[in-house]
Amino acid sequence: MSTLSSKIGAVFNEPGCEINAAKSDKARKKGCTKQLAPGAAAGGCAFDGAKIALQPITDVAHLVHGPIACEGNSWDNRGTMSSGPQLYRTSFTTDMNENDVVFGGEKRLYKSIKEIIEKYDPPAVFVYQTCVPAMIGDDLNAVCKAASEKFGKPVISVMSPGFVGPKNLGNKLAGEALLDHVIGTEEPDDTTPYDLNIIGEYNLSGELWQVKPLLDEMGVRILSCISGDARYHEVARSHRARAAMMVCSKAMINIARKMEERYAIPFFEGSFYGIGDTSDSLRQIAKLLVARGAPAELIERAESVIRREEARAWEELEPYKARLAGKRVLLITGGVKSWSVVAALQAVGLDIVGTSVKKSTQEDKERIKEIMGGDAHMIDDMTPREMYKMLKEARADIMLSGGRSQFVALKAKMPWLDINQERHHAYAGYAGMTALVREIEKALYNPIWDQVRKPAPWAMPLVSVA
Amino acid sequence: MATVVASRKACTVNPLKMSQPIGGALAFMGIRCCMPLLHGSQGCTSFGLVLFVRHFRESIPLQTTAMSEVATVLGGFENVEAAIVNIAKRTKPEIIGICSTGVTEVKGDDVDAFIRLIRANHPELAHIGLVYVSTPDFKGAFQDGWSNAVVQLVEQLVEPVSQGRRMLRNPRQLNVLPGSHLTPGDLEELREIIEAFGLQPLFLPDLSGSLDGHIPEDFTPTTLGGISLAEIARLGASAHTIAVGEQMRPAASVMEERTGVPFTVFDRLTGLAPNDDLIGLLASLSGQPVPAKYRRQRSQLVDAMLDGHFHFGGKKIAIGAEPDLLWSMAAFLTEMGGHINAAVTTTTSVVLARVQTGEVLIGDLEDLESRSAGCDLLITHSHGRQTAGRLHIPFYRMGFPMFDRLGAAHRVSVGYRGTRDLIFDIGNVFMAEAHQAAPDTWRRSEEAAPEYAVPRVSVPQELVMLTELI
């Protein structure tokens with residue numbers, strides 16, 4: 001476990017993360033997240049985070065080494081989309097039994113890798129460590145190395161057992177696995193001055209595809225998206241990109257920063273949520289690529305795409321203004337989304353009565369103040385009971401949040417919209433923003449609300465039938 | 001009749017099985033004001049929670065002792081204690097149901113001893129019930145976790161009735177111990193049937209009060225309903241116990257040992273014969289005639305069997321389900337004239353050998369897929385959707401989880417009425433797939449008409465009017 005703990009230490013020391021940079025040495029050692037409170041914790045483990053980050057690589061076999069819980073209880077639950085291979089949706093696990101726990105699970109793991117390669121012949125096998133084999137001392141690295149040599153195929157160990165920390169740490173440990181074993185291990189057939197990496201975009205509900213046509217039009221080639229709709233060989237060759245965009249806040253900052261360090265690929269942090277942010281991101285992509293030698297006309301091409309798309313998006317939002325003006329939104333999400341969608345929601349007349357900042361950085365908070373003005377209502381930590389009360393008392397007309405708090409709103413008989421990772425709609429880019437506003441309108445104006453709030457007949461005064 | 005074999009593969013592909021701890025947690029969710037707690041890393045809870053939310057479309061009370069790597073090495077007591085104290089403070093439950101996981105079982109935590117120590121340290125928590133069940137992830141399956149949790153509930157919460165002591169029994173009170181394969185809708189159906197005989201059923205666990213999707217008056221962080229602790233305590237005063245599914249036999253027999261309440265196990269309640277047995281038992285327990293409603297429902301079921309048998313007869317069916325559900329469905333489908341061509345399950349059980357098929361495999365959905373080609377129907381939980389898609393055969397969802405359909409909690413397949421509707425549901429799937437006859441349907445390739453040299457005479461272009469010839 002010494003290598004694992006040093007990895008975790010390195011991740012906690014990430015200099016690219018400004019939260020870390022602002023901390024004292026002592027505070028940094030303690031790690032990124034507050035110690036979890038038993039009996040009052042919510043959220044996934046590090047293994048969950050690693051799987052979320054890597055499963056979008058669509059053509060590899062993802063093998064989970066552990067008892068049935070880790071994979072059997074969780075597979076087929078993420079909406080990441082593929083334009084081709086479907087192997088990533090097939091679930092593989094060693095399903096360790098009592099014997100494996102007593103005698104060690106290494107043999108079963110090795111045989112499992114062999115079976116997978118014989119039956120499915122993927123370009124690579126990713127093997128995920130979990131708590132039980134980590135405890136009994138199964139040497140995942142050694143088994144993967146041996147299997148890789150024996151079968152002549154990359155077998156990648158992902159060292160992120162659940163008990164080392166939360167989901168966010170797992171994202172980063174997954175990044176380390178790619179940096180150690182995948183990125184830079186192959187060379188692309190050709191390169192162009194327009195080659196871009198997108199890091200931290202998982203193509204949930206196909207969101208990458210809301211943006212890719214715009215990049216195509218600009219002439220930008222996505223050399224690799226890490227890891228939405230990715231192929232193994234693309235990721236292995238991603239070190240030849242000219243520039244990179246890092247999305248989804250800090251989840252994979254270690255990949256972006258280390259690729260800059262190792263392969264001199266400059267990156268910027270951007271977002272495809274919100275109209276202004278999408279435009280900024282497209283501009284930055286053009287600027288970075290031009291700075292790395294792409295023809296200067298790329299900037300004008302980006303501007304022309306932005307002009308057209310922005311005009312179209314605002315035009316599409318126009319009809320919603322009258323229906324949405326003054327409706328109050330409670331926004332419970334994290335990080336970038338706590339401000340990046342706010343501008344567009346405000347532009348159609350929605351009133352943001354609160355936005356959560358639990359998972360936001362200081363920078364995020366500054367942006368919220370900038371956008372929402374001095375009266376920005378930032379919510380640090382809201383219990384489900386408080387959310388319920390706020391909705392029940394009709395201090396908000398709709399809540400936008402993740403699936404966890406869905407029933408808080410619905411049981412209060414209030415409209416709710418999913419904007420986190422389990423959602424079924426794609427909200428990225430310009431098309432995504434109009435989709436989001438359309439969904440809000442649909443939710444607010446659904447005819448059920450008046451009906452479900454009507455009292456039951458026995459709660460009303462009796463009517464005479466005479 | 002079937003041989004039961006275990007898959008010999010090293011790698012499980014597309015698991016059918018889910019783990020014991022979440023089966024145990026679901027059982028605890030059938031108790032009023034309860035907070036189930038998994039003693040393990042936070043992921044154990046998070047995965048289970050998401051799965052239940054997707055299936056029931058409800059808020060799910062489920063907490064974690066949040067074992068970190070360090071806690072796993074150095075001790076688990078502090079985490080269990082902190083979790084109980086925090087839950088008591090934040091959600092004010094009447095009972096906390098604790099399940100172990102793989103991590104804490106490997107570590108060897110003696111949670112029963114932890115609880116004794118916590119009881120001693122925290123007299124202020126004396127009013128909260130604490131029930132612990134051992135549910136290692138690396139043994140058994142979902143159904144076993146449920147079954148083990150109910151045994152512990154009976155052992156730890158039902159007031160014992162000592163031998164020889166006279167006990168005031170309530171001749172109208174009836175215990176029902178439902179297996180994990182019964183839905184809240186199934187429980188509601190059974191309640192209605194039992195109450196129609198003037199009996200008062202108490203379900204342990206009772207998901208029909210907690211996960212039936214109702215709107216509570218106010219925000220509730222624990223379970224929304226279910227059987228109360230006081231009701232569980234007096235299960236020993238019942239006249240009889242009905243257990244549904246072989247998985248509930250251990251709990252029923254522990255109940256009998258502790259309280260002397262005799263029991264009947266129904267290994268299934270789908271199909272005509274087992275429901276005749278149930279109605280017969282209820283009539284004799286209550287001393288009441290069978291209500292007219294059930295006489296009509298039986299007649300309707302018989303009619304549905306007559307109408308439906310055309311569509312079920314000779315059909316080849318593949319089923320992947322936990323033992324009790326597999327047995328229940330296989331028996332019902334066989335009785336309707338279908339053939340079980342493939343049967344895959346998750347864990348061992350005495351019912352498996354009874355299935356009318358060659359072999360029952362303890363395996364995964366990859367095994368089921370490789371055995372299902374050419375079948376007319378695939379029955380398993382929602383994870384079978386990819387398999388059915390690849391095989392291009394109709395798919396009927398059954399069991400847990402069912403995350404890609406609405407109303408999973410309200411699907412009813414017990415009783416005369418539930419069986420009747422199941423015949424309609426599955427029969428309609430067969431009808432929708434019925435093959436239309438085509439010109440070549442009955443032509444065999446080896447009998448293709450040979451090319452005979454037939455002289456062909458061309459017809460003159462101009463038509464000759466018959467009248468002109470006359």
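Start by selecting B:Ile317 and B:Ile340: the second is the bridge partner of the first, and B:Ile340 sits in β12(B). A word on the ground rules: this is a predicted model, where local features need pLDDT of at least 70, side-chain atom pairs count only at pLDDT 80 or more, and totals for chains, interfaces and linings use all residues. Residues are numbered from 1 along each chain as its sequence is written, while chains are lettered from A and ligands numbered from 1 in the order in which they are written.

**Stop 1: two strands of chain B**

Widen the selection to strand β11 (residues 316-320) of chain B and β12(B), which pair in the parallel sense over 5 bridges. Strands pair here if DSSP finds at least two bridges between them. Strands (E, at least two residues) and helices (H or I, at least four) are DSSP runs, numbered from the N terminus. Is strand β12 (residues 339-345) of chain B mostly covered or mostly open? Mostly covered, as 5 of its 7 residues are buried. Buried means that 20 or more other C-beta atoms, placed from the backbone, lie within 10 Å of a residue's own; 12 or fewer makes it exposed, and anything in between partly exposed.

**Stop 2: chain B as a whole**

Zoom out to chain B. Its C-alpha atoms fill a box of roughly 120 × 60 × 45 Å along the principal axes, and its secondary structure comes to 17 helices and 15 strands. Of its 470 residues, 54% count as buried. Among contacts in chain B between residues at least 6 apart in sequence, 72% join residues at least 24 apart. A contact is two residues whose C-beta atoms, placed from the backbone, lie within 7 Å.

Now colour by domain: chain B has domain 1 (3-10 + 300-432), domain 2 (20-139) and domain 3 (170-291), with bounds from an automatic or database domain assignment. The centres of domain 2 and domain 3 of chain B, taken over C-alpha atoms, are 26 Å apart. Their contact takes 19 residues from domain 2 of chain B and 15 residues from domain 3 of chain B. On the domain 2 side, α1 (20-28) and β3 (34-39) of chain B each supply at least two residues, and α1(B) gives the most, with 3 residues. By class, that side has 11 nonpolar, 4 polar and 4 charged residues. Nonpolar covers Ala, Val, Leu, Ile, Met, Phe, Trp, Tyr, Cys and Pro; charged covers Asp, Glu, Lys and Arg; the others, Gly among them, are polar.

**Stop 3: helix α4 of chain B**

Select residues 77-91 of chain B, which form helix α4 with 15 residues. At 1.5 Å a residue they should span 21 Å, and the end C-alpha atoms are indeed 21 Å apart; the expected span is 1.5 Å times one less than the number of residues. Which residues of α4(B) are buried? They are B:Asn79, B:Val80, B:Ala83, B:Ile84 and B:Ile87. These cover an arc of only 130 degrees around the axis, so they lie on the same side of α4(B). The arc is that of the directions from the helix axis to the C-beta atoms. What covers them includes β3, α3 (69-74) and α6 (111-121) of chain B. Just after α4(B) comes B:Lys92, whose phi is positive, near 45 degrees.

**Stop 4: where chain A meets chain B**

Show both chains: the contact takes 50 residues from chain A and 53 residues from chain B. On the chain A side, α7(A) gives the most, with 5 residues, and the residues divide into 24 nonpolar, 15 polar and 11 charged. Next, pick β2(A) and strand β2 (residues 12-13) of chain B, which pair in the antiparallel sense over 2 bridges. A:Phe92 stands opposite B:Val13 there.

Then click A:Lys411, in helix α21 (residues 406-411) of chain A. A:Lys411 is buried, with 22 other C-beta atoms within 10 Å. Leaving aside its neighbours within four places in sequence, A:Lys411 is in contact with B:Ile215 and B:Pro216.

**Stop 5: a sheet in chain A**

Finish on the open sheet of 5 strands in chain A, ordered β11-β10-β9-β12-β13 with parallel pairing. β11 (378-379) and β13 (416-418) of chain A stand at the edges, each with a single partner strand, so one side of each is left without a neighbour in the sheet. Further in, strand β9 (residues 328-331) and strand β10 (residues 351-356) of chain A pair in the parallel sense over 4 bridges, and A:Leu330 stands opposite A:Gly354 in β10(A).
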